[in-house]
Amino acid sequence: MIEPTLTEHRSPWVVFTSPADPWLLSETAAFTQRNGLVLRLDGREMADPASLFRTFARELSFLDHFGHNWDALVDCLHDWHGPGHGNQDLAIVIEHADDLLKTDFLGRFVSVLAQAARNSNLRLDGDGELDEWRRRTAQHFVFLLDHTAPGAFTEGAARGMDVAVALSDGRLLATLTDVEWPGGDPASTPWTAGPLSFADEEILSGMTDKAITLFRDHLGCSIHEAMDLLQSRSEHLRRDNVTG
């Protein structure tokens, strides 16, 4: 089981879970006791990239130079710890995030957040080099789902550039792949990188039991989570066949 964190300088950088998750309560309490700042954003205000950028700019008081694009979001989340904002550790909790499942930018969003967290936690610049002018600062992101199982987001999150995912104790966790990013997770941990295509042949051939076993083996998830993933991936393949 992979245990997520808000207080430590390690991945997973992004967590999908339920508001009732006891982990969230204990971690946010420990985080604020250490003078960490928890900011809560509303996922219902993120229907498209433009509204997402506006929400982050407003809630995090980005400076006027924020360019309202994905690269600028990475930069401003990293720069948030610089002049004008102080050096507090930061946890961003995106509440009511269920509808983000329907967006076509979910993977890009998760990738951007993971890059920003990785830079802040490991004190790296945009090129992956040590940034000697900054202190190491904890930064993590949590998506809270009111009525959607975290496993349902696996397919969309895994489509993010250099994103690797794992299911652990009912939560979906996201990090960056070890090969491309300094400070990534060791290959021995059960992260799965890229779209969940490794079970496609079994799904298309009707070998559902084997597909479920593959999901369990690759993602370290429960049989119920594997069945949810089977349904999600099957629907994705059907849509591809219809539009292809």
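Strands are DSSP runs of E, at least two residues long, numbered from the N terminus. The legends below apply that numbering to a predicted model.

**Figure 1. Overview of the predicted model****.** The secondary structure comes to eight helices and seven strands. The protein has 244 residues, of which 53% count as buried. Among contacts with a separation of 6 or more, 62% are between residues 24 or more positions apart.

**Figure 2. Close-up of Arg10, in the segment before strand 1****.** Arg10 has a relative accessible area of 28%, so it is partly exposed; the range for that class lies between 20% and 50%. The side chain of Arg10 makes a polar contact of 2.8 Å with the side chain of Glu8. It also reaches a backbone atom: the oxygen of Glu3, at 2.9 Å. Residues up to four places away in sequence set aside, Arg10 touches Glu3, Pro4, Thr5, Asn121 and His140.

**Figure 3. Arg10 and Arg118, two positions brought together from 108 residues apart in sequence****.** Their C-alpha atoms are 8.0 Å apart in space. Arg118 falls within helix 4, which spans residues 106–122. Asn121, a contact of Arg10, falls within that helix too.

**Figure 4. Close-up of Thr5, in the segment before strand 1 (14–17)****.** Thr5 has a relative accessible area of 2% and is therefore buried, the cut-off being under 20%. The Thr5 side chain reaches the backbone nitrogen of Glu8 at 3.0 Å. Beyond its neighbours within four places in sequence, Thr5 is in contact with Arg10, Trp23, Glu27 and His140. His140 also appears among the residues that Arg10 touches.

**Figure 5. Packing of helix 3 (residues 70–79) against helix 4 (residues 106–122)****.** Two packed helices are described by the angle between their axes and the distance between the axes. Here the axes come within 9 Å and cross at roughly 30°. Helix 3 and helix 4 are therefore roughly parallel to each other, as angles under 35 degrees count as such. Their crossing is right-handed.

**Figure 6. Residues at the contact of helix 3 with helix 4****.** Helix 3 contributes Trp70, Asp71, Leu73, Val74, Leu77 and His78. Helix 4 meets them with Arg108, Phe109, Val112, Leu113, Gln115, Ala116, Asn119 and Ser120. By class, the residues of this contact divide into eight nonpolar, four polar and two charged. Asp71 from helix 3 and Arg108 from helix 4 belong to the residue types that count as charged.

Methods: Residues are numbered from 1 along each chain as its sequence is written. This is a predicted model: local features need pLDDT of at least 70, side-chain atom pairs count only at pLDDT 80 or more; totals for chains, interfaces and linings use all residues. Side-chain values use heavy atoms; hydrogens and water are left out. Helices (H or I, at least four residues) and strands (E, at least two) are DSSP runs, numbered from the N terminus. Buried means under 20% relative accessible area, exposed over 50%, partly exposed in between (1.4 Å probe, protein chains only). A polar contact is a pair of N or O atoms within 3.5 Å; within protein, one must be able to donate a hydrogen and the other to accept it, and residues adjacent in sequence count only if both atoms are side-chain atoms. Contact means heavy atoms within 4.5 Å. Axes are lines fitted to C-alpha atoms, for helices over the stretch in contact, and angles run from 0 to 180 degrees between N-to-C directions. Angles under 35 degrees count as roughly parallel, over 145 as roughly antiparallel, 65 to 115 as roughly perpendicular and the rest as oblique. A crossing is left-handed if the near helix is turned anticlockwise from the far one by less than a right angle, and right-handed if clockwise.
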